[in-house]
4 protein chains.
Amino acid sequence: MNFGSDNQAGVSPAILQTLVQAASGIQSAYGNDDWCARAEQMLCEAFDTPLKAFFVATGTAANCLALSTIAQPWNAVVCHDMAHIAVDENSAPEWFTGGARLLPLATDSGKLLAGDLERFLASYPASPPHNMLPSAVSISQVSENGLVYQPHEVAALAASAHAKGLRLHMDGARLANAVAALGCHPADITCKAGVDVLSLGASKNGALMAEAVVFFDQALAEHFRIRQKRAGQLVSKSRLIGAQYCAWLQDGHWLQLARHANASARSLADALVATRAVRLAWPAEANEVFAILPRALHVQLLSHGVRCSDWYDTSIPRGTALAADEMVVRFVASWSSTSDEVQALADLVRSLA
Amino acid sequence: MNFGSDNQAGVSPAILQTLVQAASGIQSAYGNDDWCARAEQMLCEAFDTPLKAFFVATGTAANCLALSTIAQPWNAVVCHDMAHIAVDENSAPEWFTGGARLLPLATDSGKLLAGDLERFLASYPASPPHNMLPSAVSISQVSENGLVYQPHEVAALAASAHAKGLRLHMDGARLANAVAALGCHPADITCKAGVDVLSLGASKNGALMAEAVVFFDQALAEHFRIRQKRAGQLVSKSRLIGAQYCAWLQDGHWLQLARHANASARSLADALVATRAVRLAWPAEANEVFAILPRALHVQLLSHGVRCSDWYDTSIPRGTALAADEMVVRFVASWSSTSDEVQALADLVRSLA
Amino acid sequence: MNFGSDNQAGVSPAILQTLVQAASGIQSAYGNDDWCARAEQMLCEAFDTPLKAFFVATGTAANCLALSTIAQPWNAVVCHDMAHIAVDENSAPEWFTGGARLLPLATDSGKLLAGDLERFLASYPASPPHNMLPSAVSISQVSENGLVYQPHEVAALAASAHAKGLRLHMDGARLANAVAALGCHPADITCKAGVDVLSLGASKNGALMAEAVVFFDQALAEHFRIRQKRAGQLVSKSRLIGAQYCAWLQDGHWLQLARHANASARSLADALVATRAVRLAWPAEANEVFAILPRALHVQLLSHGVRCSDWYDTSIPRGTALAADEMVVRFVASWSSTSDEVQALADLVRSLA
Amino acid sequence: MNFGSDNQAGVSPAILQTLVQAASGIQSAYGNDDWCARAEQMLCEAFDTPLKAFFVATGTAANCLALSTIAQPWNAVVCHDMAHIAVDENSAPEWFTGGARLLPLATDSGKLLAGDLERFLASYPASPPHNMLPSAVSISQVSENGLVYQPHEVAALAASAHAKGLRLHMDGARLANAVAALGCHPADITCKAGVDVLSLGASKNGALMAEAVVFFDQALAEHFRIRQKRAGQLVSKSRLIGAQYCAWLQDGHWLQLARHANASARSLADALVATRAVRLAWPAEANEVFAILPRALHVQLLSHGVRCSDWYDTSIPRGTALAADEMVVRFVASWSSTSDEVQALADLVRSLA
């Protein structure tokens, strides 16, 4: 019963097979190999637009290198107050940008919407040189609460941001899950909606270690190879990452993997709610279930070997209250989750409740 | 005829097999997996000492994160003037350390020896707060000229450094090649000789992407997990790297790979010199051959599909001169170099000269 | 009618006279002059404790250099959400600390009290390496809302901070005004109350340019001269600043100046309230008056040549609401404010309302 | 006998008088005062060109903020190997630029000339992303060896730099001395010669604390006010610095002060050489005398109360050798040096030799 995180899952056989294939023979180093070239080409096709892609080792690096191209050290980046970059990446944003500041906003919807941005900017005291000037907005798709931004929501946010001269970054660590959930074209929630630069993660969706920074606004990529090198993110045998992307994108494999994970999460959410021992903090729109449950139940689940995460109290919707003996727990389904696991967890909860 | 770099070679079958094995199933993320734990244990055994090991994505990151633990932003790091950190890693040292400065020294030996350090420090105007205070020395084993530090040379340098309150970092991107060349115990040129922190690279010696920071002085590791996270170097599925180290260290595989590469380079060096068309800039003590040859010959080699690197003019021994039509070319042998390749290159050079 | 800011006022005659005296003749540079030595000694006497003092050019530098000694680049600094360091110093805190993050808290009291800190830390997810670890608290005395921390409030906050391993920094840009308002000994709200490091400003209270970083915990000062130099804050003719501090501290001059400014602000607050056209956002406890008034009135005041500052809407007490036509305006009295000015402004307001 | 440094001298009466005048009354803060505006206008007139000027607290800040506008964190700045920025400002250049690297060149002339730059760039391995790309050249006028760049030398260097896409920064801590020595128009060695940005210091030439960053290429100044603020270099009562510049520039006062200092240094150099106990390391072209003298003599001078500086052994011309008992000593004359002092020192040397 492994619902700890999708980054604890193993590697999809199709990806592993390609990785093994790529591991042999001579290839140029530092991103100049055939696999990276092909992966970039496949990304162009997947998003149906010209783009520039760079392959890095971690989602933290992808996010923060991306931010460094749209925020000077004296700029601010508006984000949701549960944003991964604000909560879970230590001081990486500050470090990669040379000191830019995150401005995290609490919202009612659990997402950062155009209206949230506009209200914030309307009252933000941007009087230079004393105040910091926002230069960018960053959102996560899927959001940190497991919610999926609709194409029109991304487009409206991008329009609001661009109208104020801000660029839009998307943390797509689970972009595949969002595309799968929406059943839309990948471009609909990214380039067509106005995203300037995307962190596209495959590691949480079947790959071993594959993260990319994808520039839809290619001018932003001007010094990126240098940024990558000086950050220790230019992997010598970069075919490792390029090959994984090739396999991931081939024949829609990435969306198959994501659809499975999403379906598993939905099953799990339904099963958990049906036990009546648990309520959901947020709808399970993608592959994550944020559940509110008794602390005692959580302890018992752990003792039965369930992997899940003690989550932030502050992540629940405004207006929702936790009882003193309640807590938030995150369950994440992955490409490798099984219906047996889902059933077993639901049965266990029912038996314990 | 692939002598471009050992980081262009493929992955050793034994390592690949273990990597495939590790790719399946659930593992904790962020360095907390079983493979990383076992790899650290195997490193303790290989170096026959307690140590702390952290696994990162690139040699640049390993070097610069290591330096960040022994140099405050206002400190200086003494190194050889051809040091990889000084020449080939862009501004990564400055960035990771928050502004520490490299002090590159030209030397007669092509290595940085105790005497070089002592002479330098004797005349260095370390008058704070105006001048920067050196806090560390960094050497590469194998050196950037393909030379191998003898155990007594490392020990003498460490003693000189420590006597002045400086720590010793070793860039061991090719440490295996040095151990293989010397036929010594790995500890003899590292922990026993006084190295405080080691960057230990496997990527150039048969792995796919495996770099480690190894602390013999474990107190230096105090905040390392945080440094790693904020630098985007805490890989989620870290088993990827841990597993490679396990296979690499298993039954001395790393030294077998290195011995093969070294032997290939020696054969190549001998064969090249025998053609009389080429002379060596430095003895080929490990797996690299630094050759001085006519520019026209280099062009012809490239046109015949030979992979090799146009190298720095300034890398030759002081007192040696390049003729106007000469240049330095680096040939690197790897674990996968074949005697046929070596022979073919030598034959080609002979035929062209 | 000059109430724009106390940093727009001129220099007290006593300070200017000493500055003129110090301007002649030879003095060692870079903080090694007689005036700086004497100023440090006078600070020891004023605070009745051993301390180390360093003289810098701006309050921004004093605050941020102080923070750099108590926050590593991966640490966080808890402060009030209106804190000058959070609102008005651009990205200086991030830059001086190498990336530390401010964690601004909204509070009911307009100050940051022990209870606020404790509640925050109780729910703060300090799970390294993902989350940032708070290492310090920073408050301003006088606070950004013109409120004065009582000695017991500082002591309670310091105790709470220290109990969690956090250090306490005080931004004392208007410390003299706080001491004058409380009628306490300077030590009562600083070293005796548990402040570890103090930014002590004289520029807003009669000096020309005189800011100091005062370490009550002298161990924190270990590398401070180097920090100062590399930040471009080691003024060569440092006697300039040392001499001003000597004059400022001499015979309680600093407190005389502050008492005058405070009294002027209280008169002004009373006079403004008496007009019934204006209400106070906060009690005028020191030398600042935060007034809520009609926007139209503000326009008229400006057109009559009144200097005052359009202030942050968000600075008013929680629970207080601004009407659509209202705004917050800050009036600051200085050592050179006159009762005629105060009366003239009150008369003007009355005539316009 | 005070020849320690021109930054140990007092303040010229004319400057002090203006400073006193400026100290009274209300003025806008943060560089928006009348004095700063007038100082900028006077600089335009002095250099006979449109320019933008910003006033900061130290020469370190002026130099490093200037460099931050012409060097990205991944760029390199070519300078002389005795450059003040390379030797005497700790890690400030790295810090202000976010990690840019200095590339110090040893030269025969004691200056950095066009030929030096061209030779260096011809062999510099600028292969991105591995190597750092030079983006700027920085020279000091007067140079660190007390030498003065001729107008044609600056122009040739600027032409070479610009031809390679590099910008030219001039550290003009002693620019007045250079102008006075050359008898040229200030523009001849700055804007007309191709300098892009100038650090113009007054503190070493009669002011109390007055440093400016002067942009001849005004586009470089785009974000300078923000850079200044976040570096803690935006002095609130900036009139302090503006007023000093007004007095300094008024009626050529800066050049009168510099001519006096230069003449004193020349007298001292002549007198020292005439004693035959001392030889000059470099010609005394401005207000500094770099003398080679016996260590024993230096000790005696100190014991007789002479202020002078033990200087870098490495600063002497290549090809010159110090005897074992010799050292380099720097004597600096200032606007306030007297012929009596010069004579007294010469007499003392003669009596001791």
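Let's start with disulfides: a search of the whole structure, which is a predicted model, turns up zero of them over all chains. A disulfide is a covalent bond between the sulfur atoms of two cysteines. Salt bridges are another story, with 44 found over all chains. The place where chain D meets chain A has its own character, and zero of the salt bridges cross it.

**Cysteines without partners**

- Take B:C246, which is in no disulfide. The nearest cysteine sulfur belongs to B:C36, and it sits 8.1 Å away. For a disulfide the two sulfur atoms would have to be within 2.5 Å.
- Is B:C246 buried or exposed? B:C246 is buried, with a relative accessible area of just 1%.
- Over in chain D, the cysteine D:C308 is buried too, at a relative accessible area of 13%.

**A salt bridge between partly exposed residues**

- Side chains of opposite charge can pair when their charged atoms come close.
- In chain A, the side chains of A:R167 and A:D217 do this, meeting in a salt bridge at 2.2 Å, N to O.
- Where do these two sit in chain A? A:R167 lies in strand β5 (residues 167-172), while A:D217 is in the loop between β7 (211-215) and α9 (224-230). The pair therefore ties together parts that are 50 residues apart in sequence.
- A:R167 is partly exposed, with a relative accessible area of 24%, and A:D217 is also partly exposed, at 22%.

**Buried salt bridges in chains A and C**

- A:R174 and A:E288 form a salt bridge through their side chains, at 3.2 Å from N to O.
- This pair links distant parts of chain A, 114 residues apart: A:R174 is in the loop between β5 and α8 (175-182), and A:E288 is in strand β9 (residues 288-294).
- Are A:R174 and A:E288 buried or exposed? Both are buried.
- There's a bit more going on around them, since A:R174 and A:E288 are linked with A:D6 and A:R330 in a network of salt bridges.
- Now look at chain C, where the side chains of C:R174 and C:E288 meet in a salt bridge at 3.3 Å, N to O.
- C:R174 sits in the loop between β5 (167-172) and α8 (175-182) of chain C, and C:E288 is in strand β9 (residues 288-294), so to speak a link between distant parts of the chain, 114 residues apart.
- C:R174 counts as buried at 11% relative accessibility, because the cut-off for buried is under 20%. C:E288 counts as buried at 2%.

**Where chain D meets chain A**

- How many residues of chain D are in contact with chain A? There are 15 of them, touching 15 residues of chain A.
- The two chains bury about 1,400 Å² between them, and carbon and sulfur atoms give 74% of that area.
- On the chain D side, D:W74, D:P129 and D:I226 lose the most area to chain A, together 45% of what that side buries.
- What about polar links across this interface? The count is zero residue pairs in polar contact, with both residues at pLDDT 80 or more, and the salt bridge count is zero as well.
- Helix α9 (residues 224-230) of chain D gives the largest share of the side that touches chain A, with five residues.
- The chain D residues on that side divide into eight nonpolar, three polar and four charged.

Notes:
Residues are numbered from 1 along each chain as its sequence is written. Chains are lettered from A and ligands numbered from 1 in the order in which they are written. This is a predicted model: local features need pLDDT of at least 70, side-chain atom pairs count only at pLDDT 80 or more; totals for chains, interfaces and linings use all residues. Side-chain values use heavy atoms; hydrogens and water are left out. Contact means heavy atoms within 4.5 Å. Buried area is the accessible area (1.4 Å probe) that two parts lose on being put together, summed over both. A salt bridge is a side-chain nitrogen of Lys or Arg within 4 Å of a carboxyl oxygen of Asp or Glu. A polar contact is a pair of N or O atoms within 3.5 Å; within protein, one must be able to donate a hydrogen and the other to accept it, and residues adjacent in sequence count only if both atoms are side-chain atoms. Helices (H or I, at least four residues) and strands (E, at least two) are DSSP runs, numbered from the N terminus. Ala, Val, Leu, Ile, Met, Phe, Trp, Tyr, Cys and Pro count as nonpolar, Asp, Glu, Lys and Arg as charged, and the others, Gly among them, as polar. Buried means under 20% relative accessible area, exposed over 50%, partly exposed in between (1.4 Å probe, protein chains only).
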